[in-house]
Amino acid sequence: MDIREVAEWFLQQDSMTPKKLQKMCYYAQAWHYTLYNEELFSEKIEAWVHGPVSRVLYREYADYRWNNIPKSKDVSVILSDEQEDTLKAVLETYGEFSGDQLEALTHSEDPWIKARGNCEEWESCTTEITIDSMKEYYSKKFEDAQGE
């Protein structure tokens with residue numbers, strides 16, 4: 001699967017800004033790998049100033065800037081049951097938040113923080129947020145939630 005297909009699935013559900021779409025795809029990757037030990041897509045995610053970003057998606061939707069990308073229609077995205085479960089859960093959990101709220105949330109979480117290292121908050125950074133750092137952090141979050 002390609003990150004553009006994940007983005008298309010989210011855009012079939014609702015229109016959203018590129019920033020929100022980036023974060024939704026990030027959370028989909030993080031949670032899918034955490035729960036199924038399988039990457040949802042192979043594209044890298046980097047720790048940019050405004051949170052996790054895929055260069056592929058950035059280039060694809062850059063022209064929208066801060067505006068909503070229109071809701072997609074009639075695009076067929078083939079998903080396994082596990083992939084669809086992940087995307088639905090991510091949409092249900094994070095879909096109500098704006099891109100700015102999701103940015104703030106990712107800024108409070110270890111995968112983005114650790115990838116940024118000693119970079120200042122305004123400083124450009126292209127360090128990859130590794131899939132293993134996502135799994136380490138979100139596995140702990142999942143375990144904590146199961147204990148409640």
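In the predicted model, the face of helix H4 that is turned away from its buried side carries the exposed residues Asp 81 and Glu 92. On the buried side, Gln 83, Thr 86, Leu 87, Val 90 and Tyr 94 of H4 are classed as buried, and because these residues cover an arc of only 95° around the axis, they are placed on the same side of H4. An α-helix has 3.6 residues a turn, so residues three or four places apart point the same way. The buried residues of H4 pack against three elements, namely helix H1 (3-13), helix H2 (18-36) and helix H5 (99-107). With regard to its length, H4 comprises 14 residues (81-94), which at 1.5 Å a residue should span 20 Å, and the end C-alpha atoms are indeed 20 Å apart, in agreement with that expectation.

Two of the partners of H4, H2 and H5, also pack against each other, at an angle of about 45° and with their axes 8 Å apart, which makes H2 oblique to H5. The crossing of these two helices is left-handed. From H2, the contact is made by Lys 19, Lys 20, Lys 23, Met 24, Tyr 26 and Tyr 27, while H5 contributes Gly 99, Asp 100, Leu 102, Glu 103, Leu 105 and Thr 106.

Outside the helices, Glu 120 lies in the loop between helix H6 (110-116) and helix H7 (131-146). Glu 120 has a relative accessible area of 41% and is therefore partly exposed, the limits of that class being 20% and 50%. Although Glu 120 and Val 49 are 71 residues apart in sequence, their C-alpha atoms are 8.9 Å apart in space.

How values were computed:
Residues are numbered from 1 along each chain as its sequence is written. This is a predicted model: local features need pLDDT of at least 70, side-chain atom pairs count only at pLDDT 80 or more; totals for chains, interfaces and linings use all residues. Side-chain values use heavy atoms; hydrogens and water are left out. Helices (H or I, at least four residues) and strands (E, at least two) are DSSP runs, numbered from the N terminus. The expected span of a helix is 1.5 Å times one less than its number of residues. Buried means under 20% relative accessible area, exposed over 50%, partly exposed in between (1.4 Å probe, protein chains only). The arc is that of the directions from the helix axis to the C-beta atoms. Contact means heavy atoms within 4.5 Å. Axes are lines fitted to C-alpha atoms, for helices over the stretch in contact, and angles run from 0 to 180 degrees between N-to-C directions. Angles under 35 degrees count as roughly parallel, over 145 as roughly antiparallel, 65 to 115 as roughly perpendicular and the rest as oblique. A crossing is left-handed if the near helix is turned anticlockwise from the far one by less than a right angle, and right-handed if clockwise.
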